[in-house]
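Good morning, and thank you for coming. Please look at the sequence and the model on the screen while I speak.

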Amino acid sequence: MRPTYESQSDRNWQNYAKQKIESKLFMLFGDCTVIEEGPFSKHDFTIIVQDKEAIGEYKRRTHKFGTYPDVTLSQSKWNHLRKYPGSAFIIFEFTDGVYLGDVSKMPELTAHMGGRTRRTRDPFDIHMCVQIPIEYLVPLRLWVPEFNQRTGQ
């Protein structure tokens, strides 16, 4: 199994993003819950709004939104999100804010060898990745998610 390098600081950033998303969803829909999944889950959040459920994958980047024309996500994460039967969102936190994208509204993406190029820690750091154009991401303040599936169906 691939080792994880998630630090307490990483978990704190993720938890703070969870709170921001939950606040936005509460303003839009009222009743909502965002559950932070464990470190070995294939996604980071389960999002429950009224009777609908979605998943989310969180990634933090150390640059401003728009610095690069796309963002990298591992092919395995991408495939998991694309195959999920309900709504699936990617959540990128840049230094200037949180941006989200609805995976179902994105085109098919071709994976290429990529990943971490600085401070390579193990053989898993370079792997198959997709490049998601930033045009598919919206700032949290403008995000109005659509949910495709009812819980329990």
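I begin with a convention for residue classes: Ala, Val, Leu, Ile, Met, Phe, Trp, Tyr, Cys and Pro count as nonpolar, Asp, Glu, Lys and Arg as charged, and the others, Gly among them, as polar. The model is a predicted one, in which local features need pLDDT of at least 70 and side-chain atom pairs count only at pLDDT 80 or more, while totals for chains, interfaces and linings use all residues. Residues are numbered from 1 along each chain as its sequence is written, and side-chain values use heavy atoms, with hydrogens and water left out.

Let us turn to a pocket, meaning an open set of points on a 1 Å grid over the protein atoms alone where a 1.4 Å probe fits, with protein on both sides within 12 Å along at least five of seven lines; lining residues have an atom within 4 Å of a point. The lining of the second largest pocket divides into 8 nonpolar, 1 polar and 4 charged residues. Of its 13 lining residues, those closest to the centre are Asp102, Lys105, Tyr136, Val138 and Trp143. Strand S6 (residues 97–102) gives the largest share of this lining, 3 residues. Helices (H or I, at least four residues) and strands (E, at least two) are DSSP runs, numbered from the N terminus.

Next, the strands, which pair if DSSP finds at least two bridges between them. Strand S2 (residues 45–49) runs antiparallel to strand S3 (residues 52–60), with 5 bridges joining them. S3 is also joined, by 7 bridges, to strand S5 (residues 87–94), and these two run parallel. In that second pairing, Glu57 stands opposite Ile90 in S5.

Glu57 leads us to salt bridges, each a side-chain nitrogen of Lys or Arg within 4 Å of a carboxyl oxygen of Asp or Glu. By this rule there are 6 salt bridges. Which residues are linked with Glu57 in a network of salt bridges? They are Lys59 and Lys77. The N to O distance is 3.2 Å for Glu57 and Lys59, and the closest N and O atoms of Glu57 and Lys77 are 3.4 Å apart. This latter pair links distant parts of the chain, with Glu57 in strand S3 and Lys77 in helix H2 (residues 75–83), 20 residues apart.

Are these residues buried (under 20% relative accessible area), exposed (over 50%) or partly exposed (in between), with a 1.4 Å probe and protein chains only? Glu57 is buried at 2%, Lys77 is buried at 18%, and Lys59 is partly exposed at 23%.
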